[in-house]
Amino acid sequence: MTKKEDQFDGMLLAMAQQHEGGVQDLLDTIFNFLARKTDFYTGGGEGAAEKLLIGIFKKYEAVAVTKAASDKAERAEQERRRKERLEKKKKEDKVEEEKLDNDSKIVELTDEQAVKLQEEIDSKKLAREAAVAGPSNDTSKHNDQDMDDDDDDKKADGSDVEEEEDEKEKNKLKPNSGNGADMPNYRWTQTLGEVENMRQQVTKLVDLNTYRNITH
């Protein structure tokens, strides 16, 4: 449809909506207008208006028939595809239902088949238990060995420390009951107050020597 064909659609549609009698009333209004306001019926000679009208009618009749046939064929194709999809869906649902029915059926085994099935189940169970138990035992053994090695290392380290401490203690004088020491030819004692006083004197002496070294 070109722009020229539909440029009056809005106006004509508005006119059609104002005619309650439909197309018949609309045509009556149009031909009434042609008779009153134009020379449509008399300007072209006898029979000219009718001939013109029939020619235009036949032209658009063919267009309308062709369009109607095309629309009908398209609707039929859409309906065919819809039915085809529906039929396919029904078949798929039926297959799924049959599959579920087959899966839910209880199969009865003979005594021989039941014994064979139980043997297979027991065999698989034992294989799984062996696979799980194997790595666990190995890991436990390795962990025990590592713990024993750590204990040996700790004992060895402890012995070395004790030996070093004993060696250091050998060269130290042990204080007597008076916070002093017992020498081969004499013994001496001191109070805690005397020790604190001596510590303060030594600290002052060290600070004084440090100050002198800095100033000189």
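**Salt bridges in a predicted model**

Lys89 and Asp93 sit four residues apart in helix α4, about one turn of the helix. The model is predicted.

**Exercise 1.** Find what links Lys89 to Asp93, and classify the exposure of each.

*Solution.* Step 1: take the closest N and O atoms of Lys89 and Asp93; they are 3.1 Å apart. Step 2: the cut-off for a salt bridge is within 4 Å. The pair therefore forms a salt bridge. Step 3: Lys89 has 44% relative accessibility and counts as partly exposed. Asp93, at 34%, is also partly exposed.

**Exercise 2.** Place Lys67 and Asp71 in the fold, then state which exposure class each belongs to.

*Solution.* Step 1: both residues lie in helix α4, which covers residues 48-104. Step 2: they are four residues apart, about one turn of the helix. Step 3: their side chains meet in a salt bridge of 3.0 Å, N to O. Step 4: exposed means over 50% relative accessible area. Lys67 has 52%, so Lys67 counts as exposed. Asp71 has 25% and is partly exposed.

**Exercise 3.** Work out the spacing and contact of Glu79 and Arg82.

*Solution.* Step 1: the two are three residues apart in helix α4, so about one helical turn separates them. Step 2: their closest N and O atoms are 2.7 Å apart, in a salt bridge. Step 3: Arg82 is partly exposed at 40%. Glu79 is partly exposed at 32%.

**Exercise 4.** How many salt bridges does the whole structure hold, and which residues are linked in a network?

*Solution.* Step 1: the search finds seven. Step 2: the network of salt bridges links Glu77, Arg80, Arg81 and Glu84.

Note on methods. Residues are numbered from 1 along each chain as its sequence is written. This is a predicted model: local features need pLDDT of at least 70, side-chain atom pairs count only at pLDDT 80 or more; totals for chains, interfaces and linings use all residues. Side-chain values use heavy atoms; hydrogens and water are left out. Buried means under 20% relative accessible area, exposed over 50%, partly exposed in between (1.4 Å probe, protein chains only).
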